[in-house]
Amino acid sequence: MKRNIGKKRKKVFTRRMRAHLLFLLLILSAAFLVVLGKIIYLNVVKGDKYSQRVLSQNNYVSVTVPYKRGDIYDRNGSILATSKKVYNLVIEPKNILENEKSTIATSKALKKFFGVSEEEMSKYLQDKDSLYTVVRKKLSYEEVKAFQDYVKSPAGNRVTGVFMEDGYERTYPNKEVGCHLLGYVVSGNVGQGGIEGCYDEQLNGQNGRTYAYLGEDYNLQKKLEPARDGCSLVTTIDTETQRIVQRKCDEFMAEMGAKNISVLVMDPMNCDILALYNSHQYDPNDPYSMLPTKYQFKDAEGLSDEAFKEKAKKMSDEEKLASLYEVWRNFVVSDSFEPGSTFKTFTISGALEDGVISGEETFYCDGGQHIADYDIACHNTSGHGLITVPQALELSCNDALMQIAALEGSTIFDKYQTLFGFGQKTNVDLTGESSDEDYYTMIYHEDTLNPVELATSSFGQGVTVTMMQLGTAFCSAINGGYYYQPHVVKQILDEDGNLVENYDKILVRRTISQDTSDKIKGILKETVEYGTGKKAIVEGYEIGGKTGTAEKLPRGNGKYILSFIGFSPVESPQVVIYCVVDEPKSDDPANTGAGSILFHKIASELLPYMNIYKTGDASPTDASATDASQSEEVATPVFEGDAPEISAAGSTPEENAQPEGEQETASTTDAE
């Protein structure tokens with residue numbers, strides 16, 4: 001056989017060889033992916049940690065880049081609270097000292113523009129290795145602009161090692177207006193009270209950081225982590241409504257005076273809060289000023305502001321805070337009180353809704369009821385005689401209300417207390433509400449509504465509420481029976497102005513039907529035109545509402561809370577105004593109609609501003625033509641003779657204790 005010597009043999013990749021090659025490629029690819037993943041992990045996840053480790057091995061400084069706290073706007077876009085940019089003057093001693101001419105030029109410039117003396121500058125330059133020393137804080141743009149222009153000019157080209165660090169200062173352009181709605185901010189961007197406290201997390205952003213350090217070549221290197229600004233809030237507040245309320249309350253205080261005046265203005269169709277006022281306001285720009293507390297000190301009467309400031313300096317920190325808390329406290333949200341006859345609205349609403357009464361019944365008032373071992377009086381001790389259901393509310397007859405509550409019984413009565421939100425939180429988006437557990441004890445419930453408690457609760461004595469609870473419940477009674485969660489913020493916007501959250505008509509439940517609501521509106525209209533609410537009349541407007549008078553604990557002390565809650569127009573309500581006057585200064589405080597008078601003052605200006613049309617014929621002259629005994633409130637003891645040891649839910653025997661020698665006038669109710 002002949003061999004083909006010299007002919008090369010053809011190489012063949014067998015299937016096995018290809019498999020081995022593919023396996024090798026897979027191993028190399030996997031290894032590459034592992035390495036790539038590790039690189040990404042180190043850069044993305046651990047990047048900051050290793051950057052800081054590198055920085056720690058160099059001469060560096062870490063500077064916070066502050067975020068801007070979100071703005072707060074009213075419903076029309078006006079700014080209620082904002083964070084104004086300010087500047088901190090910072091120097092770098094290490095860089096300033098590198099050149100003698102630069103040191104001299106920089107020192108002269110700082111002295112000229114910021115009043116930094118030579119002695120002060122020498123002190124700052126003692127730390128020769130420092131790259132960050134704060135010289136001045138919270139400078140305005142106007143204060144730094146001249147310096148910045150100088151540095152850019154030929155004359156200032158030797159100034160070195162100086163920069164402006166951005167910062168923010170919370171400001172409230174309207175000062176005291178709406179202070180209890182807004183709250184304020186303390187050091188560290190911590191919101192306190194009102195919207196600032198409730199929405200603190202949303203308003204705050206996240207600080208950034210700048211790292212400055214010397215690299216291996218001794219050049220200054222910088223690394224920036226940008227700040228994230230906070231969200232802004234669009235509220236339901238109407239600034240002009242707030243101003244009207246404040247102005248009219250100031251007038252009322254000057255004319256009559258009171259321990260405190262509180263007003264709540266709401267849109268009844270969705271429970272938007274349009275305005276909220278408490279007297280003894282403060283400026284959120286300077287919340288720790290002691291001047292607003294001056295009214296709390298009898299020995300400060302007649303003292304000038306400067307003299308009072310000197311007096312306040314001698315107070316302990318605890319005493320100062322106690323006085324300031326009284327000013328900061330939001331009565332509308334945080335304080336509970338017996339509402340008096342405004343509560344009768346809900347007693348009758350529940351009875352009509354559950355079919356206990358039809359509204360066509362009549363009740364005989366002979367001046368009071370004997371229940372259990374107690375005689376409970378009507379404010380008209382002579383009796384109203386035979387009256388209808390509407391007249392029971394118009395004349396504010398305690399006797400008729402007790403009879404209606406007896407027909408309801410404790411189960412139905414408590415059912416509507418709960419439906420209308422009493423004894424529970426409203427969950428309004430403002431700080432200051434107590435817990436549901438606390439509120440539960442402030443009214444009598446089915447198991448504690450004994451005959452006496454049921455009787456007195458029917459006309460608003462013994463039951464305890466907050467203005468926010470009663471105002472929200474009243475909106476439900478006149479808007480067709482829709483109980484909305486009261487709220488003051490309607491939109492949350494991110495730092496770029498994009499919508500994050502929208503709040504509109506937060507429906508919680510139905511309380512009564514449209515038919516019952518319409519009946520109640522009609523009765524409340526007659527209460528103003530023909531009953532106890534005549535002083536609330538605004539000429540040309542249809543207004544419905546209810547008065548309330550309640551004696552404060554302990555009974556017999558002669559101190560009263562007078563109130564009025566009203567709305568307009570009657571057919572399609574657009575606004576509810578709830579006025580509470582705590583301890584009006586009058587010779588006969590329970591006979592002033594203080595709540596109705598204040599309502600009239602506010603509504604006379606507010607209704608035209610809101611473009612609410614005139615539909616009624618009622619005028620102030622109608623009120624004077626009516627029998628005064630039917631349109632005035634006269635305080636009358638609830639109990640004729642002995643009173644129960646506890647006469648208000650959630651109170652103690654000590655709070656109910658009657659002043660010595662005044663047992664005959666132990667307690668009073670509405671007198672409308």
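Trainee: Which residue in β12 stands opposite Val263?

Mentor: Val263 has Tyr277 of β12 opposite it. Before we continue, note that this is a predicted model, in which local features need pLDDT of at least 70 and side-chain atom pairs count only at pLDDT 80 or more, while totals for chains, interfaces and linings use all residues. Residues are numbered from 1 along each chain as its sequence is written, and side-chain values use heavy atoms, with hydrogens and water left out.

Trainee: What makes β11 and β12 a pair, and in which sense do they pair?

Mentor: Strands are DSSP runs of E with at least two residues, helices are runs of H or I with at least four, and both are numbered from the N terminus. Two strands pair if DSSP finds at least two bridges between them. β11 (residues 258-267) and β12 (residues 272-278) have six bridges in the antiparallel sense, so the criterion of at least two is met.

Trainee: How many residues lie between β11 and β12 in the hairpin?

Mentor: Four residues lie between them, and Cys271 in the turn has a positive phi of about 65°.

Trainee: Why is β11 described as largely enclosed?

Mentor: A residue is buried under 20% relative accessible area, exposed over 50% and partly exposed in between, with a 1.4 Å probe and protein chains only. Nine of the ten residues of β11 are buried, so the strand is largely enclosed by the rest of the structure. As for β25, ten of its ten residues are buried.

Trainee: How do you know that β11 and β25 pair?

Mentor: Eight antiparallel bridges link β11 to β25 (residues 575-584). Along this pairing, Ala258 stands opposite Pro584, Ile261 opposite Val581, and Ser262 has Val580 as its bridge partner. Val580 also stands opposite Ser563. The pairing of β24 (residues 560-568) with β25 is likewise antiparallel, over eight bridges, and a hairpin of six residues joins these two strands.

Trainee: What is the order of the strands in the open sheet?

Mentor: The order is β12-β11-β25-β24-β23, five strands with antiparallel pairing. β12 and β23 (544-551) are the edge strands, since each pairs on one side only. On average, neighbouring strands are turned by 10° against each other, direction ignored. Helix α20 (residues 514-530) packs on the sheet and touches β23 and β24, its direction making about 70° with that of β23. Such axes are lines fitted to C-alpha atoms, for helices over the stretch in contact, and the angles run from 0 to 180 degrees between N-to-C directions.

Trainee: How do you know that the span of helix α4 agrees with its 15 residues?

Mentor: The expected span is 1.5 Å times one less than the number of residues. For α4 (residues 100-114) this gives 21 Å, and the end C-alpha atoms are 21 Å apart, therefore the two agree.

Trainee: What caps the N-terminal end of α4?

Mentor: Asn99 does: one of its side-chain oxygens lies 2.8 Å from the backbone nitrogen of Lys101. A polar contact is a pair of N or O atoms within 3.5 Å; within protein, one must be able to donate a hydrogen and the other to accept it, and residues adjacent in sequence count only if both atoms are side-chain atoms. Just after the helix, Gly115 takes a positive phi of about 70°.

Trainee: Which elements do the buried residues of α4 pack against?

Mentor: Among them are β3 (79-91), β4 (133-139) and α6 (141-152). Contact here means heavy atoms within 4.5 Å. The buried residues of α4 include Ser102, Leu110 and Phe114.

Trainee: Why is His487 called buried?

Mentor: His487 has a relative accessible area of 2%, so it is classed as buried. This residue lies in the loop between β19 (482-484) and β20 (489-493). A polar atom of its side chain lies 3.3 Å from the backbone oxygen of Gln485. Leaving aside neighbours within four places in sequence, its contacts include Cys271, Asp272 and Tyr503.

Trainee: What relative accessibility makes Gly367 count as buried?

Mentor: The value is 7%, and therefore Gly367 counts as buried. Gly367 sits in the loop between β14 (362-365) and β15 (368-371). Its C-alpha atom is separated by 7.1 Å from that of His384, 17 residues apart along the chain.
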